[in-house]
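The following exercises, each with a worked solution, are to be read alongside the sequence and the structure.

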Amino acid sequence: MPLRETEAIVLRTYRLAEADKIASLFTRQMGRLRAVATGARRTKSRYGAALEPLSHVRVLIFEREHRDLLRMNSAELIESFFDMQKDYRIQLAAQYVAEVAERMIPEREVNERLFRLFLAVLRSLKHSGEVNRPLLYFDYWLLRLAGFLPDFEHCQNCGRALGDEGGYYGPGSEGLNCETCRTGVIGQSISSQVIAALRAGCQKPLERWISEEMAPPGCREARRFLEELIETHAERKLVTRAMMEEAV
Ligand SMILES: [Zn+2]
């Protein structure tokens, strides 16, 4: 049976039996998967801090034929994103990123660009202390790489150009509606200026966008819009999105 080495981001862990954990991982070379870490719940576990949420690690994965669950042989910490989570806003943002990953990334599908996006977003949460732009960037590129990014310039219902007034969205939206196609459910509006600023920012490397420019107005508003689209495609309510509503 092959033993494979890969980099990974720990999305979360949960208990299995008395001494073991299951780690949900987004790996660079094997895609998203779950693996059993034997003995990880012991006080003096050989995994140490490597299995903390959002840790960037190097793991050895043991593939077993005809078994769904893989086994982790070792995990070595490359970069920790643990201390930044003492800030509650950053902690929620990090948990949101992990929850969206578990819902949206297909299992065992390698996606190098998405892996690099993850690291860039975690590093900017860690170093900038800002929440809106890293999350906005994460949502935008996740939607784009998944092929879910909508046409921001036209009504998703009638196809009319939205123009300066922008568009409307609400629960279940996959894009924007015009004033005429706005229904009772669709309640939030987003202006064309905010959309333009979000698209311009997301074309740059995240680190540069944050270090070289002030956040444009409407980042939080734009983030809320993209979160709505993500939730539509995740096909269920995101726990962390509701938690961020008031705090972030
Ligand atoms: Zn319309």
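Two rings of Phe, Tyr or Trp, the last represented by its six-membered ring, count as an aromatic pair if their centres lie within 6.5 Å. The model is predicted.

**Exercise 1.** Determine how many aromatic pairs the structure holds, and classify the one formed by Tyr137 and Trp209.

*Solution.* The structure holds nine aromatic pairs. In the pair of Tyr137 and Trp209, the ring centres are 6.5 Å apart and the planes make an angle of 40 degrees. Planes under 30 degrees apart would count as stacked and those over 60 as edge-to-face, so this pair is classed as tilted. Tyr137 belongs to helix H3 and Trp209 to helix H5, so that the pair links distant parts of the chain, 72 residues apart. With the cut-off for burial at under 20% relative accessible area, Tyr137 counts as buried at 9%, and Trp209 is likewise buried at 1%. Finally, Arg133 lies over the face of Trp209, at 5.2 Å from the ring centre.

**Exercise 2.** Check whether the end-to-end distance of helix H2 (residues 112–128) agrees with its number of residues, and establish what covers its buried residues.

*Solution.* At 1.5 Å a residue, the 17 residues of H2 should span 24 Å, and the end C-alpha atoms are 24 Å apart, which agrees. The buried residues of H2 include Phe115 and Phe118, both of which belong to one aromatic cluster with Phe26, Tyr96 and Phe138. Among the elements covering the buried residues of H2 are strand E2 (20–27), helix H1 (88–104) and helix H3 (132–145). After H2 comes Gly129, whose phi is positive, near 70 degrees.

Note on methods
Residues are numbered from 1 along each chain as its sequence is written. This is a predicted model: local features need pLDDT of at least 70, side-chain atom pairs count only at pLDDT 80 or more; totals for chains, interfaces and linings use all residues. Side-chain values use heavy atoms; hydrogens and water are left out. Helices (H or I, at least four residues) and strands (E, at least two) are DSSP runs, numbered from the N terminus. The expected span of a helix is 1.5 Å times one less than its number of residues. Buried means under 20% relative accessible area, exposed over 50%, partly exposed in between (1.4 Å probe, protein chains only). Contact means heavy atoms within 4.5 Å. A charge sits over a ring if NZ of Lys or CZ of Arg is within 6 Å of the ring centre and within 35 degrees of the ring normal.
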